Amino acid sequence: MALLALAALINYIDRGNLSIAAPLLKGELGLSFSQIGILSGSFFFTYSLFLPVSGWLADRFDVKWVMALGFFVWSGATAVTGSLHAFTALLAARLMLGIGESVAYPSYARTLVRHVPEVGRGFANALIAAGVGCGPALGTFFGGTLMARFGWRPFFIVLGVLSMVWLIPWIAWMPRMGAAVSPVEQGGAGFLELVKERSMWGTCGGLFGANYVLYFEITWLPTYLVHERHFSMGTMAKIGGLGYLCYAAAAAVFGWISDRWIAAGGSPTLVRKTFAGVGAGSAGLLLLGCALAGPTASVILLLLAFAAGGMCGSNIWAITQTLAGPRMAGRWTGLQNFLGNLAGVIVPTVTGFVVDYSGRFLMAFVIMAIVAMLAALSYFFVIGPVKEIAWEG
């Protein structure tokens with residue numbers, strides 16, 4: 001679990017470091033806001049496209065080696081990025097980064113559903129969600145500080161090379177067959193049966209909205225704080241880093257609370273839906289309030305929005321893992337993450353064009369808040385009872 005949480009941390013540093021470097025890239029390479037948006041969104045294009053494939057691989061092959069190969073690819077892509085000088089080359093590196101990172105969540109799901117019982121999945125997923133929060137926190141704070149001092153290129157190269165060290169303990173300590181709490185399941189239902197499930201579409205809609213908020217923060221928050229709120233790079237790094245730490249802390253706390261609630265007799269349906277739905281909707285509304293408030297209040301609302309995102313993130317994948325069960329965890333996660341991460345393709349590009357057109361970020365915040373409220377409705381009303389589906393075949 002510690003290694004999976006660390007992998008999530010590295011994963012989110014790598015996918016978010018371009019947005020931290022964006023103000024520097026814009027000046028050095030003469031890129032427009034639209035080009036920055038395209039670079040940010042390109043990662044999510046291949047990431048989403050390859051997720052169903054990665055989900056199938058996680059169900060079909062030994063998941064620990066699928067995870068190791070993907071980790072190697074995405075760390076290598078990060079290191080190479082630091083040596084590139086052209087927009088087209090940067091675009092290619094971001095596409096490769098997306099391919100490598102697509103193995104992560106199907107591998108997490110397949111591992112957790114086999115090695116962690118229902119009553120522990122809230123906290124187990126919360127540790128991964130904490131990694132998701134700590135990654136951008138460390139990337140924003142240390143990345144922003146180091147880039148301001150040494151430039152963005154050394155940061156990318158050193159980060160990519162050092163990340164490879166994770167593979168050493170993973171290969172040594174990766175989960176063994178005898179430790180599983182659920183039997184090894186091969187085959188099972190196919191994608192056609194999966195897409196007939198209403199709850200699958202509910203989890204996709206919820207994840208799309210939650211990701212829209214998170215990726216809005218990852219891809220455009222640094223630029224918003226610097227260009228519209230007029231914070232320095234150092235101040236932006238502190239605010240953004242603290243926000244992601246709030247996300248990580250809230251994920252751990254609410255993940256633990258959700259498990260204790262279920263252990264005390266609460267139904268997984270009530271518990272998981274409450275935390276996911278309330279968290280998603282609140283995060284969007286609080287961020288919109290951040291855009292409308294004064295300087296001090298906006299920072300407070302921003303931190304609360306991150307905490308609400310952590311509340312949601314701690315239970316999103318626990319819902320999926322319970323519904324899918326060990327037979328379909330990889331494929332469900334891959335398909336859900338494919339559709340949910342289309343938000344990552346849309347939000348950087350749409351936001352870039354909206355800001356170029358209007359000259360401000362306000363309308364982008366409004367769009368984000370609407371999508372977040374739709375995600376909350378999806379969790380409450382589209383997903384059915386949170387219990388394992390009886391798959392045919």
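**Note on a helical model and its nonpolar surface patch**

1. In this predicted model, helix 15, which covers residues 362-382, supplies the largest share of a nonpolar patch, contributing five residues to that patch. The patch lies on the surface and is formed by Val 278, Ile 370, Leu 374, Leu 377, Phe 380 and Phe 381, which together offer about 590 Å² of accessible area.

2. Leu 377, one of the residues that form the patch, is found in helix 15. Its relative accessibility is 43%, so Leu 377 counts as partly exposed, given that this class lies between the limit of under 20% for buried residues and that of over 50% for exposed ones.

3. As for secondary structure, the protein chain has 15 helices and zero strands. The radius of gyration of the chain is 20 Å, close to the 21 Å that the globule rule gives for 393 residues, and the chain is therefore as compact as a globular protein of that length. Along the principal axes, the C-alpha trace spans about 55 × 40 × 35 Å.

4. Turning to burial and contacts, 59% of the 393 residues of the protein chain count as buried. Among the contacts in the chain with a separation of 6 or more, 87% are accounted for by residues 24 or more positions apart.

5. For the surface as a whole, the protein chain exposes about 14,300 Å², and carbon and sulfur atoms supply 75% of that area. The patch described above, with its accessible area of about 590 Å², is likewise on the surface.

Note on methods:
Residues are numbered from 1 along each chain as its sequence is written. This is a predicted model: local features need pLDDT of at least 70, side-chain atom pairs count only at pLDDT 80 or more; totals for chains, interfaces and linings use all residues. Side-chain values use heavy atoms; hydrogens and water are left out. Patches are made of residues with over 30% relative accessible area and no salt bridge: like charges are joined within 9 Å, nonpolar side chains (Val, Leu, Ile, Met, Phe, Trp, Tyr) within 5 Å. Accessible areas come from the Shrake-Rupley method with a 1.4 Å probe; for residues, only the protein chains shown count as cover. A salt bridge is a side-chain nitrogen of Lys or Arg within 4 Å of a carboxyl oxygen of Asp or Glu. Helices (H or I, at least four residues) and strands (E, at least two) are DSSP runs, numbered from the N terminus. Buried means under 20% relative accessible area, exposed over 50%, partly exposed in between (1.4 Å probe, protein chains only). The radius of gyration is taken over C-alpha atoms; the globule rule is 2.2 Å times the number of residues to the power 0.38. Contact means heavy atoms within 4.5 Å.
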